[in-house]
Amino acid sequence: MDISAYPFNLEVTLCCGQVFKWNKKGDWWYGVVGDRVSKLRQAGEILEFHNIEEDSVKNYFSLDHDLTRIGAEIGRDDYIRAALQDFWGLRLVRQQPWECLISFICATYKSVAAIRQMLHKLSMMFGQKIVFEGEDFYAFPTPEKLADARLQDLKSCGLGYRSPYVSKTAKKIFAGECDIEALGKLPYDQAKKELCQYPGVGAKVADCVLLFSLGKLDAFPVDVRVKRTILRYYSEHFPESFVKKLAREDSLSSSEYERICRFARDYFGKYAGYAQEYLYHYERMKYYGIAAKVSTRLNRKIEKG
DNA sequence: TACTGGCCTAGGTA
DNA sequence: ATACCTAGGCCAG
């Protein structure tokens, strides 16, 4: 497919931490979309894909979002414009709400690498096996499977204290008490409130689900990294006392969370969620960029003796 | 109403 | 190697 009409970067989109189940082999990215294993690769303005329909590709990678306009809208200052420039083509992925909800309940207080491991184990243990090109892949578990899962087995996937949250939320969803997909039709505040009724879901997880699976492009999840970014580059928008207090501690109280969230949604506007993704990824890559350089330097030292 | 600790675990780093 | 540190927070008190 010729995607010259859409600015898009497959690699950045799949690596920016919004989605955890894609793996690269050679040039190709493999992942389960729905109940099929798909593979894609990008070479400039050509996107190749197998075992997935063109319409699904467009939908999954939000190619309908007018990224140029979004960039113009959120590009309010030099800092975010630098992030936009470095990672241009990053798009939000349209995830299934159920999978997204469980994924981000699991994601609390975990690194991206650890989250990927957890979700992989969870899928291996409770998901449908799909063989593709001679290799085993696993669909994300259904609500029924996770509702029936023993806590002990959830823990064996590395979920730790998140196990009862996943179990209870799965039971609630399986019982059909609430239709998460329908929450997308509610206004942001109301949908967020509803999501927070699920065990293991607070403001941060709710914002992730709203942004990554319910089409609320103005949701702005605030994690530690985004918090640090805001404190460092947007501190002039807050009182000095607030900035100093937040700099001392690593966690956020709910009122502090809401304050940062409200600022960002107001400042970046209706596509604040895209701003969050670019800022988050920019910060993460800077961090790992430095870490990579340091370890390279160390390795050289070791090689030299 | 708002804040404070406690919490499972494992990947990454020194 | 091996001990630490930290990770896209939530919840009870």
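Analyst: A polar contact is a pair of N or O atoms within 3.5 Å; within protein, one atom must be able to donate a hydrogen and the other to accept it, and residues adjacent in sequence count only if both atoms are side-chain atoms. The model is predicted, so local features need pLDDT of at least 70 and side-chain atom pairs pLDDT 80 or more, while totals for chains, interfaces and linings use all residues. Residues are numbered from 1 along each chain as its sequence is written, chains are lettered from A and ligands numbered from 1 in the order in which they are written, and side-chain values use heavy atoms, without hydrogens and water.

User: What makes the pairing of Gln 18 with a base oxygen of DNA strand C a polar contact?

Analyst: A polar backbone atom of Gln 18 is 3.2 Å from that base oxygen of DNA strand C, and the limit for such a pair is 3.5 Å, so the pair qualifies. Two further pairs with DNA strand C involve phosphate oxygens: a backbone N or O atom of Val 205 lies 3.0 Å from one, and a polar side-chain atom of Arg 228 lies 3.1 Å from one.

User: Why is Gln 18 called buried?

Analyst: Its relative accessibility is 0%, and buried means under 20% (exposed is over 50%, partly exposed in between, with a 1.4 Å probe and protein chains only), so the label follows. Gln 18 sits in the loop between helix 1 (10-15) and strand 1 (23-25). Its side chain has a polar atom 3.2 Å from the backbone oxygen of Thr 13 and a polar atom 2.9 Å from the backbone nitrogen of Val 93. Beyond neighbours within four places in sequence, Gln 18 is in contact (heavy atoms within 4.5 Å) with residues including Leu 90, Phe 104, Phe 212 and Glu 277.

User: How do you know which residues belong to the surroundings of DNA strand C, and which come nearest?

Analyst: A residue is near a strand if one of its heavy atoms lies within 4 Å of it; 28 residues are around DNA strand C, and Gly 17, Lys 110, Ser 111, Val 112 and Gln 276 come nearest. Helix 11 (203-213) gives the largest share of this surface, four residues.

User: What makes up the approach to DNA strand B, and which of its atoms are involved?

Analyst: Of the strand B atoms within 4 Å of the protein, 67% belong to sugar or phosphate and the rest to bases. Base oxygens are reached by side-chain N or O atoms of Lys 110, at 2.4 Å, and of Arg 162, at 2.8 Å, whereas a backbone N or O atom of Tyr 161 lies 3.3 Å from a sugar or linking oxygen. Helix 6 (112-126) gives the most to this surface, with three residues.

User: Why is the largest nonpolar core said to lie between the two domains?

Analyst: A nonpolar core is a set of buried Ala, Val, Leu, Ile, Met, Phe, Trp, Tyr and Cys residues joined through side-chain atoms within 4.5 Å. This one has 79 residues, and Ile 74, Leu 122, Leu 146, Leu 195, Phe 220, Tyr 234 and Phe 268 touch the most other members. Domain 1 (95-214) and domain 2 (224-304) both contribute residues, so the core lies between them. Leu 146, for its part, touches Trp 98, Phe 126 and Val 166, among others.

Technical notes. Domains from an automatic or database assignment. Helix = DSSP H or I, 4+ residues; strand = E, 2+ residues; numbered from the N terminus.
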